[in-house]
Amino acid sequence: MRTPARPPLDGLKKRLDQSRAERARMQRDGFLRETFVLPRSDARLKAKEWFERFPKQAYWTEIESWFERPGDLIEFTIRRLPAAD
């Protein structure tokens with residue numbers, strides 16, 4: 001009885017390389033960032049939720065960037081500190 005051949009790992013290796021490259025490009029300034037692409041009304045609600053959950057005074061929460069996309073979509077990145085000190 002033969003042992004089955006190992007599956008190719010090319011896809012996994014490619015994804016690991018991409019992930020490492022993304023991490024290397026990220027800023028190391030201590031902020032946590034999350035990017036959303038939502039319809040305009042949902043984007044407002046999500047931003048409001050973040051500012052209520054992580055107040056600007058304690059977490060330095062801010063909308064770092066935002067773009068209007070076709071179809072009334074808003075792409076935005078919110079950043080905040082990991083903990084309130």
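The questions and answers below go through a predicted model of one protein chain.

Student: Which pattern of helices and strands does the chain follow, read along the sequence?
Tutor: The chain has 3 helices and 3 strands. A helix opens the series, and two strands close it. Written in full, the pattern is α-β-α-α-β-β.

Student: What is the radius of gyration of the chain, and how does the globule rule bear on it?
Tutor: For 85 residues the globule rule gives 12 Å. The chain is well over that value, so it is more spread out than a compact globule. Its radius of gyration is 19 Å.

Student: What does the C-alpha trace span along its principal axes?
Tutor: The trace is described by three lengths, one for each principal axis. They are about 65 × 40 × 25 Å.

Student: What share of the residues counts as buried?
Tutor: A residue is buried when its relative accessible area is under 20%. The chain has 85 residues in total, and the share that counts as buried is 16%.

Student: How much of the accessible surface belongs to carbon and sulfur atoms?
Tutor: The accessible surface of the chain comes to about 7,400 Å². The part that belongs to carbon and sulfur atoms is 54%.

Student: How far apart are the mean positions of the positive and negative charges?
Tutor: The chain carries 19 positive and 14 negative charges. A mean position is taken for each of the two groups, and the distance between them is 7 Å.

Student: Which side chain of opposite charge is nearest to Arg 80?
Tutor: Arg 80 is found in strand β3, residues 73-80. It is buried yet has no salt bridge. A salt bridge needs a nitrogen and a carboxyl oxygen within 4 Å. The nearest side chain of opposite charge is 6.9 Å away, and it belongs to Glu 34.

Student: Which residues does Arg 80 touch, leaving out those up to four places away in sequence?
Tutor: Arg 80 is in strand β3, and its partners come from other parts of the sequence, with neighbours up to four places away not counted. The residues touched are Phe 31, Leu 32, Trp 50, Phe 54, Tyr 59, Trp 60 and Thr 61.

Student: How many salt bridges does the structure hold?
Tutor: Side chains of opposite charge can pair when their charged atoms come close. One such pair is Asp 29 and Arg 33, with N and O 2.7 Å apart. Asp 29 is partly exposed at 34% relative accessible area, and Arg 33 is partly exposed at 28%. The number of salt bridges in the structure is 8.

Student: Arg 79 forms a salt bridge with Glu 64; how many residues apart are they?
Tutor: The closest N and O atoms of Arg 79 and Glu 64 are 3.5 Å apart. The pair links distant parts of the chain, Arg 79 in strand β3 and Glu 64 in strand β2, residues 62-69. Arg 79 is buried at 18% relative accessibility, whereas Glu 64 is partly exposed at 32%. Along the sequence they are 15 residues apart.

Student: Which residues are joined into one network by salt bridges that share partners?
Tutor: Glu 75 and Arg 69 also form a salt bridge, with N and O 2.9 Å apart. Glu 75 is partly exposed at 23%, and Arg 69 is partly exposed at 36%. The network is made by salt bridges that share partners, and its residues are Asp 29, Arg 33, Glu 62, Glu 64 and Arg 79.

Student: What is phi of Trp 60?
Tutor: Most residues other than glycine have a negative phi. Trp 60 lies in the loop between α3 and β2 and is exposed, with a relative accessible area of 54%. Its phi is positive, near 55°.

Student: Where does Asp 72 lie?
Tutor: Asp 72 is not a glycine, yet it has a positive phi of about 60°. At 44% relative accessibility it counts as partly exposed. Its place is the loop between β2 and β3.

Student: What distance separates the C-alpha atoms of Arg 15 and Trp 60?
Tutor: Arg 15 is in helix α1, residues 10-25, and counts as partly exposed at 45% relative accessibility. Arg 15 and Trp 60 are 45 residues apart along the chain. Their C-alpha atoms are separated by 33 Å.

Key:
Residues are numbered from 1 along each chain as its sequence is written. This is a predicted model: local features need pLDDT of at least 70, side-chain atom pairs count only at pLDDT 80 or more; totals for chains, interfaces and linings use all residues. Side-chain values use heavy atoms; hydrogens and water are left out. Helices (H or I, at least four residues) and strands (E, at least two) are DSSP runs, numbered from the N terminus. The radius of gyration is taken over C-alpha atoms; the globule rule is 2.2 Å times the number of residues to the power 0.38. Buried means under 20% relative accessible area, exposed over 50%, partly exposed in between (1.4 Å probe, protein chains only). Accessible areas come from the Shrake-Rupley method with a 1.4 Å probe; for residues, only the protein chains shown count as cover. Lys and Arg count as positive and Asp and Glu as negative; His and the chain ends are not counted. The place of a charge is taken as NZ of Lys, CZ of Arg, CG of Asp or CD of Glu. Contact means heavy atoms within 4.5 Å.
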